[in-house]
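You asked for some notes to read alongside the model. Here they are, in numbered points, so keep the viewer open as you go.

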Amino acid sequence: MGKPASANKTTIWPGVVLAAIVAASAFSMRELPGLGIFSPMILAVIVGIVFANLVGLPANTRAGIAFCQRTLLRFAIVLLGFQLTVTQLGAIGLGGVAIVASSLLATFCFTLGLGRLLGVERKLTELIAAGTSICGASAIVATNAVTGASDEDVAYAVASVTLFGTIAMLGYPLLAITTGLDQHGFGLWAGASIHEIAQVIGASFQVGPQAGEISTIAKLARVALLAPMVIALGVMAARGSAAEKTAKPPMPWFVFAFVAVVALNSAVEVPTEAKSVIVFATTFMLSVGLAAMGLQTHIGKIRSRGLRPLLLALSAFVFIACFSLLLVKLVG
């Protein structure tokens with residue numbers, strides 16, 4: 001009985017090492033001329049995508065890559081709480097919360113309606129809607145717990161949502177000036193519209209520290225809506241199946257852990273030296289998680305299902321970007 005447990009532990013390391021090497025190369029690339037303006041998180045996901053699609057992944061790395069993309073990434077997000085305080089948490093205000101919730105709901109409904117018009121299969125539409133409006137791959141996996149889509153649908157939704165989330169992560173900082181938003185507004189826009197938490201962080205901290213802090217708060221407020229949204233979708237999806245009706249969505253534990261760390265950081269003054277170490281470790285782990293995300297992005301999976309689901313994911317991406325930007329301009 002002990003042998004399988006040991007084997008499970010050892011199978012994680014090849015993927016973890018590969019993702020760490022990709023992240024370390026991203027840090028090194030920042031020393032090259034012209035690349036210093038990019039955060040290591042952005043470079044890590046780019047290197048990961050290039051490696052996965054040109055070289056491919058050894059089979060023994062998949063478990064470790066999945067670990068980095070899920071567990072390690074969430075732990076890094078929890079540690080990000082050491083960079084925030086309770087006072088900062090009130091920065092987005094009620095208006096910010098309204099922007100986040102309205103953008104989520106409007107995008108979800110828009111995607112479901114457009115999916116029907118385009119003739120995209122219902123379960124795939126629901127996965128794309130959840131991934132775009134809530135929190136990327138995590139929302140897709142959680143949503144699939146109640147919709148029961150095929151593995152191919154899950155892979156397609158994750159690949160397409162990751163693609164457009166990565167485009168947002170790279171493109172949003174370039175639009176910072178043209179949108180006319182200050183750091184607060186940009187952070188609110190990024191947090192309310194970019195798909196994955198790590199992508200939000202990668203884009204917003206590129207603009208400035210205040211933008212990064214605001215975007216993190218806005219995005220985590222959005223992630224907190226995962227459970228009620230998945231429960232609602234489960235009710236919609238249930239068609240007489242007892243299994244669907246009793247399915248329970250996973251709770252976003254890292255959101256509560258993040259809040260606890262913020263509370264601790266607000267109550268206790270962490271020494272400057274220790275905080276510097278935590279900040280670097282957090283950035284590196286986020287880069288490893290994003291590298292893993294890039295390593296999981298395969299262009300072939302997107303091509304395999306045709307253009308209509310891809311058009312749906314693109315339309316949902318454009319809608320949430322424009323709708324949330326409009327709200328930020330009007331309310332934020």
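1. Which residues of H14 are buried? Bear in mind that this is a predicted model. In H14 the buried ones are Thr 282, Met 285, Leu 286, Ser 287, Val 288, Gly 289, Leu 290, Ala 291, Ala 292, Met 293, Gly 294 and Leu 295. The helix covers residues 272-295, and at 1.5 Å a residue its 24 residues should span 34 Å; the end C-alpha atoms are 34 Å apart, so the two figures agree.

2. Leu 295 leads on to the core. The largest nonpolar core has 100 residues, and Ile 134, Tyr 172, Phe 186, Phe 254 and Leu 295 are the members that touch the most others. Helix H6 (residues 122-147) is the biggest giver to this core, with twelve residues. As background, nonpolar side chains tend to be buried together in soluble globular proteins.

3. Pick out Phe 254 from that group. Not counting residues up to four places away in sequence, Phe 254 touches Arg 74, Ile 77, Val 78, Ile 197, Leu 220 and Val 223. Leu 220 and Val 223 are also on the list of buried residues in H10.

4. Now for H10 itself, residues 209-223. With 15 residues at 1.5 Å each, the expected span is 21 Å, and the end C-alpha atoms sit 21 Å apart, which agrees. Is this helix enclosed or open? It is largely enclosed by the rest of the structure, because eleven of its 15 residues are buried. Lys 219 and Arg 222 are among those buried residues, along with Ala 211, Gly 212 and Ile 214.

5. Glu 213 belongs to H10 too. At 21% relative accessibility, Glu 213 counts as partly exposed, because buried means under 20%. In sequence Glu 213 and Gly 81 are 132 residues apart, while in space their C-alpha atoms are 9.6 Å apart.

6. Next, look at how H7 (residues 151-175) meets H16 (residues 307-330). Their axes come within 10 Å and cross at roughly 40°, and the crossing is right-handed. H7 brings Tyr 156, Ser 160, Phe 164, Ile 167, Ala 168 and Tyr 172 to the contact, and H16 brings Pro 309, Leu 310, Ala 313, Leu 314, Phe 317 and Ala 321. By type, the contact residues are eleven nonpolar, one polar and no charged.

7. Where does Ile 194 lie? Look in the loop between helix H8 (183-193) and helix H9 (197-207). Ile 194 has a relative accessible area of 0%, so it is buried. Leaving aside neighbours within four places in sequence, Ile 194 is in contact with Gly 165, Ala 168, Tyr 172, Gln 199, Val 200, Ala 203, Lys 219 and Arg 222. Thr 132 is 62 residues away along the chain, with 7.8 Å between its C-alpha atom and that of Ile 194.

8. Ser 39 is another loop residue, placed between helix H1 (2-29) and helix H2 (40-54). Its relative accessibility is 9%, so Ser 39 counts as buried. Beyond neighbours within four places in sequence, Ser 39 is in contact with Arg 30, Gly 202 and Gln 206. Ser 39 and Gly 202 are 163 residues apart along the chain, and their C-alpha atoms are separated by 6.9 Å.

9. On to H5, residues 93-118. This helix has 26 residues and reaches 37 Å from first C-alpha to last, close to the 38 Å expected at 1.5 Å a residue. Its buried residues include Gly 96, Ile 99, Val 100, Ser 103, Leu 104, Thr 107 and Phe 108. What follows H5? Gly 119 does, with a positive phi near 80°.

10. Last stop: Met 229, in helix H11 (residues 226-237). At 16% relative accessibility, Met 229 counts as buried. Setting aside neighbours within four places in sequence, Met 229 is in contact with Leu 104, Phe 108 and Ile 134. Leu 104 and Phe 108 are buried residues of H5. Pro 33 makes a useful reference point: it is 196 residues from Met 229 along the chain, and their C-alpha atoms are separated by 45 Å.

Notes. Residues are numbered from 1 along each chain as its sequence is written. This is a predicted model: local features need pLDDT of at least 70, side-chain atom pairs count only at pLDDT 80 or more; totals for chains, interfaces and linings use all residues. Side-chain values use heavy atoms; hydrogens and water are left out. Axes are lines fitted to C-alpha atoms, for helices over the stretch in contact, and angles run from 0 to 180 degrees between N-to-C directions. Helices (H or I, at least four residues) and strands (E, at least two) are DSSP runs, numbered from the N terminus. A crossing is left-handed if the near helix is turned anticlockwise from the far one by less than a right angle, and right-handed if clockwise. Contact means heavy atoms within 4.5 Å. Ala, Val, Leu, Ile, Met, Phe, Trp, Tyr, Cys and Pro count as nonpolar, Asp, Glu, Lys and Arg as charged, and the others, Gly among them, as polar. The expected span of a helix is 1.5 Å times one less than its number of residues. Buried means under 20% relative accessible area, exposed over 50%, partly exposed in between (1.4 Å probe, protein chains only). A nonpolar core is a set of buried Ala, Val, Leu, Ile, Met, Phe, Trp, Tyr and Cys residues joined through side-chain atoms within 4.5 Å.
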